[in-house]
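Please look at the sequence and the model together, and keep both in view while reading. The paragraphs that follow begin with a single residue and widen from there to the whole chain.

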Amino acid sequence: MKNIYILFKYFTPHLAGLNLGRVYINSEQYFDTVPEIAWNFYIGGYQPAQKWLKDRKGRVLDFEDIMHYQRIIKALTETDRVMGEIDGVGFMKGGEG
């Protein structure tokens, strides 16, 4: 079966406690264990994990496309993790220290 991107949706299957879900590229094929944070992540006004698929609607996804999408998901997940670390760094107030 060809990896044709027809539709996509996100839902949280049995791994709900881990905030992981599936991104369907057609009625039978999907990317599994996609972190919800990566799926909903915004950069500017865009959600890259969703936009990348929308831009390829109706096209055949080859092996390189699939690997690239997996790297996008990993990069978005890691970006969120690093942003959380940065947000967690306390800044000294009033020049104390």
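Gly21 has a relative accessible area of 0% and therefore counts as buried; the term buried means under 20% relative accessible area, exposed means over 50%, and partly exposed covers what lies in between, with a 1.4 Å probe and protein chains only. The model is predicted, so local features need pLDDT of at least 70 and side-chain atom pairs count only at pLDDT 80 or more, whereas totals for chains, interfaces and linings use all residues. Residues are numbered from 1 along each chain as its sequence is written, and side-chain values use heavy atoms, with hydrogens and water left out.

Gly21 belongs to strand β2. Helices (H or I, at least four residues) and strands (E, at least two) are DSSP runs, numbered from the N terminus. Although Gly21 and Val34 are 13 residues apart in sequence, their C-alpha atoms are 5.2 Å apart in space.

The protein chain as a whole contains 3 helices and 3 strands, and their order along the sequence is β-β-β-α-α-α. Of its 97 residues, 31% are buried. Contact here means heavy atoms within 4.5 Å. Among the contacts with a separation of 6 or more, 44% join residues that are 24 or more positions apart. The chain exposes about 6,700 Å², of which carbon and sulfur atoms supply 57%; such areas come from the Shrake-Rupley method with a 1.4 Å probe, and for residues only the protein chains shown count as cover.

The loop between β2 (20–24) and β3 (30–35) contains Asn26. Is Asn26 buried or exposed? Its relative accessibility is 5%, and therefore Asn26 counts as buried. The side chain of Asn26 reaches two backbone nitrogens: that of Glu28 at 2.9 Å and that of Gln29 at 2.7 Å. A polar contact is a pair of N or O atoms within 3.5 Å; within protein, one must be able to donate a hydrogen and the other to accept it, and residues adjacent in sequence count only if both atoms are side-chain atoms.

Helix α3 comes next. What span should its 26 residues, 63–88, have at 1.5 Å a residue? The expected value is 38 Å, and the end C-alpha atoms of α3 are 38 Å apart, which agrees. The expected span of a helix is 1.5 Å times one less than its number of residues. At the start of α3, a side-chain oxygen of Asp62 comes to within 3.1 Å of the backbone nitrogen of Glu64. The buried residues in α3 are Asp65, Ile66, Tyr69, Ile72, Ile73 and Leu76. An α-helix has 3.6 residues a turn, so residues three or four places apart point the same way. The cover over the buried residues of α3 includes β2, β3, α1 (36–40) and α2 (48–54).

The aromatic rings offer another view of the structure, which holds 3 aromatic pairs. In the pair of Tyr24 and Tyr30, the ring centres are 5.0 Å apart and the planes stand at 50 degrees, so the pair is tilted. Rings of Phe, Tyr and Trp (its six-membered ring) pair if their centres lie within 6.5 Å; planes under 30 degrees apart count as stacked, over 60 as edge-to-face and the rest as tilted. Tyr24 is buried at 13% relative accessible area, while Tyr30, at 35%, is partly exposed. Phe31 and Tyr69 also form a tilted pair, with 4.7 Å from centre to centre and 45 degrees between the planes. Because Phe31 lies in strand β3 and Tyr69 in helix α3, this pair ties together parts that are 38 residues apart in sequence. Phe31 is buried at 9%, and Tyr69 is buried at 0%. Ring pairs link Phe31, Trp52 and Tyr69 into a cluster.

Phe31 and Tyr69 appear again in the largest nonpolar core, which has 16 residues; together with Val23 and Leu53, they are the residues with the most contacts inside it. A nonpolar core is a set of buried Ala, Val, Leu, Ile, Met, Phe, Trp, Tyr and Cys residues joined through side-chain atoms within 4.5 Å. At least two residues of this core come from each of β3, α1, α2 and α3, and α3 gives the most, with 5 residues. Leaving out residues up to four places away in sequence, Phe31 touches Gly21, Arg22, Val23, Ile25, Ile66, Tyr69 and Gln70.
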